[in-house]
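Here are a few exercises to work through with the model open in your viewer. Try each task before you read its solution.

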Amino acid sequence: MNPGRDGEPRALPAWRVLWALMRYRPGTYAAMIGLRILIFAAVPQATAGSTRTLFHALSGDAAVALGPYALSVVLVAVWLARAGAVFVDITLGIQMDFYAGALLRSN
């Protein structure tokens, strides 16, 4: 780092730090982004679709031949998959914190 006018080292901009972190562990970073998309975008859509299909089955206007119990199992399976993805995301988030700390300390 180049020193500033007062002799203190200048801080790196945030985008450079994030870019360095992405280059340092690209696989972990990509997995974490993929899990966040799954947790916050795909699972809510799957839950909404399953719930809509369940209520259509209960009202007798079902487009699928599954019964309410099978659709309830699908809904529970979606939420269990989300819970597993959240646990993996937490683990990756903690690893990324340690990687970022190590990267910032060594550079």
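## Exercise 1: Charges

Task: how many positive and negative side chains does the protein have, and how far apart are the centres of the two sets?

Solution. Start with the count: there are 9 positive and 5 negative side chains. Lys and Arg go in as positive, Asp and Glu as negative, while His and the chain ends are not counted. Next, place each charge at NZ of Lys, CZ of Arg, CG of Asp or CD of Glu. The centres of the two sets then come out 7 Å apart.

A word on the ground rules: this is a predicted model, where local features need pLDDT of at least 70, side-chain atom pairs count only at pLDDT 80 or more, and totals for chains, interfaces and linings use all residues. Residues are numbered from 1 along each chain as its sequence is written, and side-chain values use heavy atoms, with hydrogens and water left out.

## Exercise 2: Overall build

Task: work out which elements the protein has and what its radius of gyration is.

Solution. Elements come first: three helices and zero strands, in the order α-α-α from the N terminus. These are DSSP runs numbered from the N terminus (helices: H or I, at least four residues; strands: E, at least two). Now the radius of gyration, taken over C-alpha atoms: the protein has 22 Å, whereas a compact globule of 107 residues would have one near 13 Å. That globule rule is 2.2 Å times the number of residues to the power 0.38. Finally, check the C-alpha trace along its principal axes, and you get spans of about 75 × 20 × 15 Å.

## Exercise 3: The core

Task: find the residues of the largest nonpolar core and the elements that supply two or more of them.

Solution. Fix the terms: a nonpolar core is a set of buried Ala, Val, Leu, Ile, Met, Phe, Trp, Tyr and Cys residues joined through side-chain atoms within 4.5 Å. Buried means under 20% relative accessible area, exposed over 50%, and partly exposed in between (1.4 Å probe, protein chains only). By that cut-off, 19% of the 107 residues are buried. The largest core has nine residues: Leu21, Tyr29, Met32, Leu35, Ile39, Ala85, Leu92, Met96 and Leu103. Helix H2 (26-59) and helix H3 (68-106) each give two or more of these. In soluble globular proteins, nonpolar side chains tend to be buried together.

Zoom in on Leu35: beyond its neighbours within four places in sequence, Leu35 is in contact (heavy atoms within 4.5 Å) with Ala85, Val88, Asp89 and Leu92.

## Exercise 4: Two polar residues

Task: are Asp89 and Ser50 buried or exposed?

Solution. Take Asp89, in helix H3. Asp89 counts as buried because its relative accessibility is 9%. Skipping neighbours within four places in sequence, Asp89 is in contact with Met32, Leu35, Arg36 and Ile39.

Then move to Ser50, which sits in helix H2. Its relative accessible area is 12%, so Ser50 is buried too. Leaving out residues up to four places away, Ser50 touches Val74, Leu75 and Val78.

## Exercise 5: Into the loop

Task: where is Ala62, and which residues does Ala62 touch?

Solution. Ala62 lies in the loop between H2 and H3. With a relative accessible area of 37%, Ala62 is partly exposed. Not counting residues up to four places away in sequence, Ala62 touches His56 and Ala57. From Ala62 to Ala48, 14 residues apart in sequence, the C-alpha distance is 15 Å.
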